[in-house]
Amino acid sequence: MRSKSISVSLRSETERERVKKMQSLQAKASEWSGVKQDDAFAIDDTNLFQKLGLQTFINLSTNFYTRVYDDEEEWFRSIFANSKKEDAIQNQYEFFAQRMGGPPLYSQRRGHPALIARHRPFPVTHRAAERWLHHMQQALDGTTDIDADSKIRMMNFFRHTAFFLVAGDELKSQNQQPQCKHGTSNQTPV
């Protein structure tokens, strides 16, 4: 009986440490992105999937990755060099649809999103995040099916999430990567 309570206590302590690390990452993301957590997660206040529909997310992701794969900066294109454009588009629109109120398309096909773990192989720096956000802003601006309020909500989420991944990348550099209980394979950036 005693070993069971020690095991539960250790799990609770490990869970508390994990939560503390995640809160630290969220705080860094807010600081670096300039987006408060409440604004970043305002996407949860309305079901953007119902409002916009799957095709809008497909269009946004196609527009985005066309820009990424045609980027004039070789250093940025090289981040995506080992990924097929079609796969990257599908991963992204399925994740966006799922995260913004739609069916769990991404999880059904690929498992838990685990963004930090899935982006572990890639150099997610401040510079790369800003370049990614540049292309996403252009893609949002070019996707006419998205109303202005939804664009603001989405861009706040994207900006915060991009810097959440930068914070996660810095942990990787410090060899303090938060553990994810879900395995990952076939790493393709979202």
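Modeller: Buried means under 20% relative accessible area, exposed over 50% and partly exposed in between, with a 1.4 Å probe and protein chains only. This is a predicted model, in which local features need pLDDT of at least 70 and side-chain atom pairs count only at pLDDT 80 or more, while totals for chains, interfaces and linings use all residues. Residues are numbered from 1 along each chain as its sequence is written, and side-chain values use heavy atoms, without hydrogens and water.

Colleague: Why does Ser33 count as buried?

Modeller: Its relative accessibility is 7%, and the limit is under 20%; Ser33 therefore counts as buried.

Colleague: What makes the approach of the Ser33 side chain to Ala29 a polar contact?

Modeller: A polar contact is a pair of N or O atoms within 3.5 Å; within protein, one must be able to donate a hydrogen and the other to accept it, and residues adjacent in sequence count only if both atoms are side-chain atoms. The Ser33 side chain reaches the backbone oxygen of Ala29 at 2.6 Å. A polar atom of that side chain also lies 3.1 Å from the backbone nitrogen of Val35.

Colleague: How do you know that the length of helix H9 agrees with expectation?

Modeller: Helices (H or I, at least four residues) and strands (E, at least two) are DSSP runs, numbered from the N terminus. The expected span is 1.5 Å times one less than the number of residues. For the 17 residues of H9 (residues 126-142) this gives 24 Å, and the end C-alpha atoms are 24 Å apart, so the two agree. The buried residues of H9 include Trp132, Leu133 and Met136.
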